[in-house]
Amino acid sequence: MEKLQILWQTTALANFEPGQILMMAVGVLLLYLAIARKYEPLLLLPIGFGAILTNIPLGGFTEPGGLLYYVYEVGIGSTVFPLLIFMGVGALTDFGALIANPRMLLLGAAAQFGIFATLFGAILLNLVPGLSFTLQEAAAIAIIGGADGPTAIFLASQLADHLLGAIAVAAYSYMALVPIIQPPIMKALTTPEERKIEMRQLRTVSKREKIIFPLAVLGLTILFLPTATPLVGMFCLGNLMRESGVVERLSKTAQNELINVTTIFLGLAVGSKLSSDQFLTSQTLAILALGAVAFSIGTAAGVLMAKLMGRLSKDKINPLIGAAGVSAVPMAARVVNKVGLEANPHNFLLMHAMGPNVAGVLGSAVAAGILLALVGP
Amino acid sequence: MEKLQILWQTTALANFEPGQILMMAVGVLLLYLAIARKYEPLLLLPIGFGAILTNIPLGGFTEPGGLLYYVYEVGIGSTVFPLLIFMGVGALTDFGALIANPRMLLLGAAAQFGIFATLFGAILLNLVPGLSFTLQEAAAIAIIGGADGPTAIFLASQLADHLLGAIAVAAYSYMALVPIIQPPIMKALTTPEERKIEMRQLRTVSKREKIIFPLAVLGLTILFLPTATPLVGMFCLGNLMRESGVVERLSKTAQNELINVTTIFLGLAVGSKLSSDQFLTSQTLAILALGAVAFSIGTAAGVLMAKLMGRLSKDKINPLIGAAGVSAVPMAARVVNKVGLEANPHNFLLMHAMGPNVAGVLGSAVAAGILLALVGP
Amino acid sequence: MEKLQILWQTTALANFEPGQILMMAVGVLLLYLAIARKYEPLLLLPIGFGAILTNIPLGGFTEPGGLLYYVYEVGIGSTVFPLLIFMGVGALTDFGALIANPRMLLLGAAAQFGIFATLFGAILLNLVPGLSFTLQEAAAIAIIGGADGPTAIFLASQLADHLLGAIAVAAYSYMALVPIIQPPIMKALTTPEERKIEMRQLRTVSKREKIIFPLAVLGLTILFLPTATPLVGMFCLGNLMRESGVVERLSKTAQNELINVTTIFLGLAVGSKLSSDQFLTSQTLAILALGAVAFSIGTAAGVLMAKLMGRLSKDKINPLIGAAGVSAVPMAARVVNKVGLEANPHNFLLMHAMGPNVAGVLGSAVAAGILLALVGP
Amino acid sequence: MTDDIYSVLLDAAGLLLVGMAVVFVFLTILIGAIHLIEWLCNKLPDAPETQIKPQVSGTQAEAISPQVVAAISSAVHQYRNKKQ
Amino acid sequence: MTDDIYSVLLDAAGLLLVGMAVVFVFLTILIGAIHLIEWLCNKLPDAPETQIKPQVSGTQAEAISPQVVAAISSAVHQYRNKKQ
Amino acid sequence: MTDDIYSVLLDAAGLLLVGMAVVFVFLTILIGAIHLIEWLCNKLPDAPETQIKPQVSGTQAEAISPQVVAAISSAVHQYRNKKQ
Ligand code: NA
Ligand code: NA
Ligand code: NA
C-alpha cells in the first residue's frame, strides 16, 4: 500500500497545476495545426511535442539532467542550432533570380519596415496598463516581422530568452498563415490592372556570379555590420558550398541530414520554452498581436515599395511581388504567384517573386544585426 | 637506448594486467558473436570494439580527455543516446497490428513478470555468500527481462551505473539468442493442437487511429507514470513523426542517420564500461544467469497468459504469440511465426505476433518507469 | 546621430587591423584554391571560410560564446573530430591490395623518413636567428610529411595547438599538390626502364582475411604502441565495420553523413586557428617550407626503398609505387599510375600503388604514436 | 543481518505485486483508450481523412528525392541508349 | 514615469529611422556590388568558366552514389527479365 | 646556448633513428602477421566462409533501401507509360 502511495504521489494526477494543463492543450493545438492543417509541420510538430513534454509535472525535462535542458543549453543557448539551420537554408537557396534583377533587394529592404514599426508599436504598448516591454524585448518581438524562423530564434535567444517560446511559435504560425494574411493586404493596395502586369523574363546568371555573390554579401556584412556576421556568415557558407560545385557531398549533407537533425532538436528546444510560467502571461497575447501587425505592415510596405519602383522604372513591375519581400521562403513567393494568376491566368510571377523573397531573408538578417548592435547585450 | 626504454615503458607488453587481457578476450568474443554468428551485430560490434579499446593499458580512452570518456559522459551519463535510439525505434514501429487487436497489450503486460520476478530473484541471491545486490542493482538487472536494449541502458545508467556494461551485454546477447531460448519454453507450455490454431485476420486500421495512438499513450503515461515519460515520450515522438505523414524528412532522419550515428557511439560507450575492475566480478556471472532467467520467465508468462486469454475469449488465440510479449522486436515475432509454421504449415502468425511484440516494448518502458519511481534515485 | 555613431563603432571599417585583412586574404586565397583549382576542396573550402570568419573585427567567433569557439573546443580540443574522420576513412579504405602483397608495408615505412628527417631539419632551423622550435613543435610540423590530414590535426592539437592552423593548411595544400610535387622527384630517381616495369597481378584476398586484418593491426598497436591506439583504433573500427559485412548501415553512415558533418566542422575549426596573431609569424613560413621538404623526402625515400626491394626481390617491382607510400590516398596512387602510363602505355600501376598508399596511412599513424610517446605531453 | 535481508525481500515482493498490478492496470486502460479512439474515429466524419490522403501520398512521393528520380531517368536513358 | 516612456519611445523612433536607413543603404550597396560582379564576370575571359563546367557535371554525377546506380541497373535488369 | 641547441639536435637525431627503426620493426611484424592470417585462413575449413557469403549479399541488398527500389520501379513504370 505504501508503494502505491509513493507511485500515486509521482503521478501527474496528484501534481498537475492548471497552467500546465493549459500549456499541454497549447501543445496539442500546435500538433493539430501541424498535422491536420499542415502549418509548418517540420517545426510546429516538434515544438508542440516539446511543449507537452516540458509541462509534465515532475517530468523534469527542463531541469538540469533532463533531456530538453541539455538540448536547449547545447543548441540554443549557444546559438548553434539556428546558425546550422541558416547554413542549411543557405545551401538550399538559389540566388539566381535576385542576381538577375538586383533591384529586388529594395523590396526586401522595404518589407523590414514591419520589424522596425512593430518595435515602435511594442514600446507604445507600454502605455497600456499591465503591459511592459523593454527595448530588448520589443526588438526580439519585432523580429517576428522578418518572417524568418532561425533569425527570430537567434535574436530572441540573445535579447529576450524568456520570450523565445512565444516569439518562435508566433513566427512559425504566421509564416504558415501567409496564404491567409497576405492576399487581402495585397489586393487592398493594388488595382486589378496592376495585378495583371506581366514582367520581363530574367536573364540567365552565370555560375561564376553565383559563386562570388555569397562572398560579396559576406564581405559587405563584415565591413558594415559585423553583428550580423554569425547569421549572414553561416548562410553564405551554405550558399557557397552549394554554388561552388566542388563540395557536393558537404552541400547535400547541410541540406538534408544536418538540417533535419537540427530541426528536430531545435523544435524540441523551442517547445521547452513553452512552460506555463513563461508563456501564460499578458505579454504572450501582445506578442501574438504584434506579430500579426508586423507581418501585415511588412507586406504592405513591400507592396507599396513595388508600386513606387514600378512608377520610377522603365521596366514594368507587378506590385504584388513586393509582398514576397517579407521572406517566408518560398510560401510568400507562391502566394504572389497565386494572386497574380487570379488576376491574369497567363501571369506566372513565381520566378520574379523569388528575387524579393530571398532578398527578404538577407534583409531580416541585416535588421537582426542592426538590432543586436544597437540594443544588444 | 634511453628513447627505446621510454617507448618500452609505454607499451602494453610492459603494463598489461591479467584482467585487461581477459576483458579484451571478452571484447573479441563479442566481435566474433557479432560478425561470425550475427548476434545483434549493430550493437555487439561497437560494444566489443569499445571493450577492447577501454582495456588498453595506458590507452586512456576512459580517462578525462579520452574519446570514450567524452562519448560516455555526453551520451549515456545524460541518457541522451538511449532516448534518441528510442525515438528512432518509435519512428520504425508500426502499431497497426496492436491497434487492430488491443487485447494483445495484456500479453505485453504478462511478459513483464520476467522483470519483477527476476528482481525478487536477485534479492534472493543475497542469501548466497559473496553475492550482494541492493534493490537498485536488482532492478537494473531485472530490466534485462524487458528484452529491450535502450530501456535497459536507460534504467541501468540511472540505477546502477557500474553494472551497465554487464547488463547491456546480457540484454543484447539474450535478444540475439531469442531463437534458441524461446522455442523450448514455448513448446513445453503448449500442446501441438494449440500451436496449430489459426487466428482471425486483423481489421485494417485507419491513418487517423495511428496518429492518435502515440498521443494517447503519451497522455496516459503523463497521467499515471511521469517517470516513464522520457522513454515513452521520445518513443511516441518518433512514432508520431512516422504516422503523421507531414514530416517525412524528419522521420526518415530519425530512422536512419540519427539512429545509426547514435548506435555507433552508444555501442562504444557501453563497451567502455567493460573495464576489468567493473566487469570481472561475481556479480557479472549472476547478472548473466539472472538475465537468462528473466527472459525465460517472461516468455513463459506471456505464453501462459495467451493460453488463459484463449480460454476466456470467443476468438481463438494461438498461445505461441504470448512469447512475443517480451519485445525483442522483431526477432521474437519471427520466432513465433517459425514455431507456428512447424506445427501447421499454413499458419502465418507473424502479423498476430507483432501486436504483443510492440506491446512488450511499451510494457517494459512502463515497468522501467515503475522501477524508477519506486527505487529510483 | 548617436545611434549611427554606435553603429559605426561596431563596423569592421572602424576596427580593422592590418593582420586581419591579410588573414582574410589568405582565407580568400584558400577558397580560390578550393573552388577554382579544386585543391582538396572538401577541407580547404571550410578552412578558408573559417579563416575569414575568425578574423572579423568584433565578430567574436572564437571568443567564448562564439560559434567557432564551441566547434573548436568540442571537436578538436577533445580530438574527437580527427578521430571520427579517421573512422570514416577506415570505413572507406580497402586493404585488399596490401593484404595481397604485404611487403608493400615497407614502402609505407620508408616514406615516413620524410617525417623524422623533417623533425631533425626543424630543429636545425633553430640555428637560423629569429626561428625557434621546441621538439614538440618540430614533431607537430614534421607530421605534415605523413601526408594525412586527420593524423596531422590530431598530433598538432596535442603537441602544438598554436601551430595547428598553419600545419593543417600546409598538410592539405601539399596533399592537393601531390600531382605537381611528386612526378619530378619520381622521374629523377628512376630510369625510364625502371618506370616501364609491369608487375605481377595480385592474388585475390578472402573476406575473412580482410575482417581479421584490422583486428591484427589493432592488436599489434595495442602491444607495441598504445599511444597510437586512438588513431589506429578508430581507423580499424571503421575498417572492421566495412569488412565485417554485418553492420552495413553503420558503415555507410560512417562513410557518408558522419564524415561529411565532421568535415564541415573540422574545416571551420581549423580555419578558426588562422587568426592573424597565430598565423602571421616567421614560424608559418618555416612550416610551409618544412612541409614541402617533408613531402619531397618522403617521396624520395619511398622510391629508393622500392628500388632496393626490386633488387632483392624475385618478383619485379616498379620503383614508382614507392612514391605512394607517403599516403595522400588516393591521389598519390593515381599519380603513380599516371607517371607509369607515360613510360609504358600498357602499365596500370593503380592497384599495385594502393598497397603502399594505404600502408602509408598506417605508417604515419604509427609515426604519430611514436612522436606522442617520445615528445608528447 | 538476516532480518535485513528479509526486509529487502519483503520490499522486492511488494515491488513484484505492485509492479505487475500497475503494468496490468496501465495497459488495460490503454486497451480502453484504443477502443475509444476507434469509436471516435468511426464517429467523426470521414472528410478530414480523405482530405489528408492525397497530400500524404504527396509527401511520400517527396521522400523519394529529386536526385534519385534524376538518377533513375538518366540511368534509364543511358540503358536505353546502350541497348540501341 | 511618463517621461521615462517618452524617452524609450524616442529611442524606438530613432531605431525605426536608423534601422530602415541602414537596411536600405546596405542593400543598395549590395545592388551596386551585384552590378560590379556582373561587369567583372563579363569582363574576364570565359576560359575558367568552361574549365569548371565539365568537372562540375562530374561532381554532380558523383553525388548520385554508386549504390543508387547499382540499384537502378539491377532494377532495370530485373524489370526487363520479368517482362520477358 | 649553442650547447642547448646541440643537445636538442642530438635528441632529434635520436628520434630520427629510433622512430624509423620502430616504424620498420612495427610494419615488418605486421607483414608477418598478414602472412600468418593468410596461412590460418587457408588452414581453416572454408565452411564458415561459405556460411557468411549468402547472408552478406543479403545485407548488401538491404543497403539499397526499399524506397529506392520503389522509386525505381515507379520511375520505370512512368517511363514506360510515357513512352507508349
Ligand atoms: Na525577412
Ligand atoms: Na519488453
Ligand atoms: Na603517411
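In this predicted model, the loop that runs between helix H19 (282–312) and helix H20 (331–343) of chain C contains Pro330(C), and the peptide bond that leads from Val329(C) into Pro330(C) is cis, with omega near -10°. A cis bond is likewise found in chain A, where the step from Val329(A) to Pro330(A) has omega near -10°, and Pro330(A) has its place in the loop between H19 and H20 of chain A.

The loop between H19 and H20 also takes part in the binding of sodium. In chain A, the sodium ion (ligand 1) has as its protein donors the O atoms of Gly146(A), Val326(A) and Gly360(A) together with the OG atoms of Ser327(A) and Ser364(A), and these donors lie 2.4 to 2.8 Å from the ion. Along the sequence, the donor residues of this sodium ion follow the spacing G-x179-V-S-x32-G-x3-S. Within this set, Ser327(A) belongs to the loop between helix H19 (282–312) and helix H20 (331–343) of chain A, whereas Ser364(A) belongs to helix H21 (residues 350–375) of chain A, and the pair links distant parts of the chain that are 37 residues apart. Ser327(A) has a relative accessible area of 0% and is therefore buried; Ser364(A), at 0% relative accessibility, also counts as buried.

A sodium ion (ligand 2) is held by chain B, where the protein donors are Gly146(B) (O), Val326(B) (O), Ser327(B) (OG), Gly360(B) (O) and Ser364(B) (OG), at 2.4 to 2.8 Å from the ion. The spacing of these donors along the chain reads G-x179-V-S-x32-G-x3-S. Because Ser327(B) lies in the loop between helix H19 (282–312) and helix H20 (331–343) of chain B while Gly360(B) lies in helix H21 (residues 350–375) of chain B, the pair ties together parts that are 33 residues apart in sequence. Both Ser327(B) and Gly360(B) are buried.

The arrangement of chains A and B was examined by superposition. A turn of 120°, with a shift of 0.0 Å along the axis, lays chain B on chain A with an RMSD of 0.0 Å, and the two copies are thus related as by a three-fold rotation axis. Among the residues of chain B, Glu257(B) comes closest to this rotation axis, its C-alpha atom being at 4.1 Å. Only 3% of the interface residues of chain B are also interface residues in chain A, so the copies meet through different surfaces.

Within chain B, helix H12 (residues 178–189) consists of 12 residues and reaches 16 Å from its first C-alpha to its last, which is close to the 16 Å expected at 1.5 Å a residue. The buried residues of this helix are Val178(B), Ile181(B), Gln182(B), Pro183(B), Ile185(B) and Met186(B). In an α-helix there are 3.6 residues a turn, so residues three or four places apart point the same way. The buried residues of H12(B) pack against helix H11 (164–176), H19 and H20 of chain B, and H19 and H20 are the helices that flank the loop holding the sodium donor Ser327(B).

Two loop residues were found with an uncommon sign of phi for discussion here. Thr79(A), although it is not a glycine, has a positive phi of about 60°; this residue is found in the loop between helix H4 (67–77) and helix H5 (80–92) of chain A, and at 8% relative accessibility Thr79(A) counts as buried. Leu58(B), a residue other than glycine, has a positive phi near 65° and is found in the loop between helix H3 (41–54) and helix H4 (67–77) of chain B. At 54% relative accessibility, however, Leu58(B) counts as exposed.Chain D contains 3 helices and 0 strands, and, read along the sequence, its pattern is α-α-α. Of its 84 residues, 36% count as buried, and the accessible surface of chain D comes to about 5,200 Å², of which 64% belongs to carbon and sulfur atoms. According to UniProt, in an unreviewed entry, residues 12–37 of chain D carry the feature "transmembrane region". In the model, this span is 100% helix and 0% strand, and its end C-alpha atoms lie 37 Å apart.

Definitions and conventions. Residues numbered from 1 in each chain as written. Chains lettered and ligands numbered in written order. Predicted model: local features only at pLDDT ≥ 70, side-chain atom pairs only at ≥ 80, totals over all residues. Heavy atoms only, no water. Donors = N, O, S within 2.8 Å, 3.2 Å for Na, K, Ca; no water. Helix = DSSP H or I, 4+ residues; strand = E, 2+ residues; numbered from the N terminus. Buried < 20%, exposed > 50% of the residue type's maximum accessible area, 1.4 Å probe, protein only. UniProt positions renumbered as here; feature names shortened; annotations may be inferred. Least-squares fit on C-alpha atoms with pLDDT ≥ 70 in both. Contact = heavy atoms within 4.5 Å. Areas by Shrake-Rupley, 256 points an atom, 1.4 Å probe, with all protein chains shown as cover. Expected span 1.5 Å × (residues − 1).
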